[in-house]
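Here's a quick look at two things in this one: charged side-chain pairs first, then a sheet and what packs on it. Have the structure open as you read.

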Amino acid sequence: MNILATSIQFPNLHITINNMPKNFHLFGIDIAIYGCIIAFGMLAGIWIACMEAKRTGQDYNQYIDFAIYAILFSVIGARIYYVVFSWDYYSRHPLEIINIREGGLAIYGGVIAAILTCFIYTKIKKMSFRTVADTSILGLLLGQIIGRWGNFFNREAFGQVTGDGNPLAMRIFFDDNYSVSQVPETVKTGMENLRGKALEDIGYIQVQPTFLYESLWNLLVLILILIFRRKKKFEGEILLWYLIGYGLGRAVIEGFRTDQLIMPVTGWPVSQFLSIVLVVVSTLIVVVQHIKLRKEM
C-alpha cells in the first residue's frame, strides 16, 4: 500500500520534509524516485562486490558479468514472490502484475533468485559457488541497505502506530491526495486511541519506520561481516552469516509491519517464517562445519 501524502516528519529528531515527491520529471518523462534508489543500490552493490573480488585475487570482471544476470533475475524473483503472496489482489487485476512502478518487490524473492542465479552461473562458468556467494553477498547487502530508502519515498513498508517516546517515530501527513480510507484499520484505531480523537481531526499517522530499522540493521550486519570476513573458516560461511544476520533482524522487524505478506492456510507472515527457518538452518550448518573442521585438525 502506498501513502500519497507529501509531508513526512520525525518529531523527536526535529526533521520535517515538506512536499517530498514520489516522482520527478526529466525530458518530459515521469521517473519514480523508488526506481532510481533501487538502481543506485544495484550499482553500489556491484562496486563493493568487485572491490572484494580484487581484494581476494579474483577477476572482478566476472562479477560484473554475473551482476547483469543476478540483477535481472532478482527483480523478476522479487516480483514473483510479491505477486504469489498477494494473489488475492492480482488474480483480480492481472494487468497490474507487470507494474512495478508503485513498488511491490519482495526482498526475499530477490535474495532467493540471486542465490539460484549464482548457483547456475557458477556451474556454467566452472567457478566455486561458495566463493562467488561469499564475495557477492556484500553487494546484495549494500544494495538492500540503500534500496530500503525507496520505501521511504513511496511511503510504504511502515509499521504500526508508535508512541511519542519513540525517538524514531515517523509522521506521515494527509494532503489533498490522501484519504483516511488508505490507512490500515489497525493504524487508524491505534492513532485514534493514541490521540483520543478521530483520525480526520489528527491529520497524520505516527508509525514505526520499519524501512529505517531494516536499513540500519543491515548496515550493522555489513559492518560486522567486513570486520570478521577474514576469520571465516570455510567457503560459503559469509553467505551463512548473512542469512543469519539478516534473518534475525527481519524476523523481529517484520512483526512491526502493517503490509505483511501472509502465508495461505496458516495465516503466518511469510517473511517472518522464512527468516526463522533460515536462521535456524544456517546456524546449524555453521556449527556443524566448525565442529567438523576442529575434528580434522
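## Salt bridges

In this predicted model, the count of salt bridges comes to twelve. One of them joins Glu214 to Arg148, with the closest N and O atoms 3.1 Å apart. Glu214 sits in helix 9 (residues 210-228), while Arg148 is in the loop between helix 5 (129-147) and helix 6 (149-154), so this pair ties together parts that are 66 residues apart in sequence. As for accessibility, both Glu214 and Arg148 are buried.

## Arg257 and its two partners

Which side chains does Arg257 meet in salt bridges? Glu254 is one of them, at 3.9 Å from N to O. That distance is worth a glance against the cut-off: a salt bridge here needs the nitrogen within 4 Å of the carboxyl oxygen, so a pair at 3.9 Å still counts. Asp259 is another partner of Arg257, and here the N to O distance is 2.9 Å.

Are these residues buried or exposed? Both Arg257 and Glu254 are buried, and for Arg257 the relative accessible area is 11%. Asp259 has a relative accessible area of 26%, so Asp259 is classed as partly exposed. Put the pairs together and you get a network: salt bridges with shared partners join Arg148, Glu214, Arg250, Glu254, Arg257 and Asp259.

## The four-stranded sheet

Now for the sheet. It's an open one, with four strands in the order 2-1-5-6 and antiparallel pairing. Which strands stand at the edges? Strand 2 (15-17) and strand 6 (204-207) do, and each has a single partner strand, so one side of each is left without a neighbour in the sheet. From one strand to the next, the twist averages 15°.

## Strands 5 and 6, and the helix on top of them

Take a look at where strand 5 (residues 170-173) meets strand 6: the two pair in the antiparallel sense, over four bridges. If you'd like a spot to start tracing the pairing, pick Met170, whose bridge partner in strand 6 is Val207. As a reminder, strands of a sheet pair through backbone hydrogen bonds, either parallel or antiparallel.

Which helix packs on the sheet here? Helix 7 (residues 185-195) does, touching both strand 5 and strand 6. The direction of helix 7 makes about 95° with that of strand 6. Strand 6, then, is an edge strand that pairs with strand 5 and is touched by helix 7.

Key:
Residues numbered from 1 in each chain as written. Predicted model: local features only at pLDDT ≥ 70, side-chain atom pairs only at ≥ 80, totals over all residues. Heavy atoms only, no water. Buried < 20%, exposed > 50% of the residue type's maximum accessible area, 1.4 Å probe, protein only. Pairing = 2+ DSSP bridges. Axes fitted to C-alpha atoms, helices over the stretch in contact; angles between N-to-C directions. Contact = heavy atoms within 4.5 Å.
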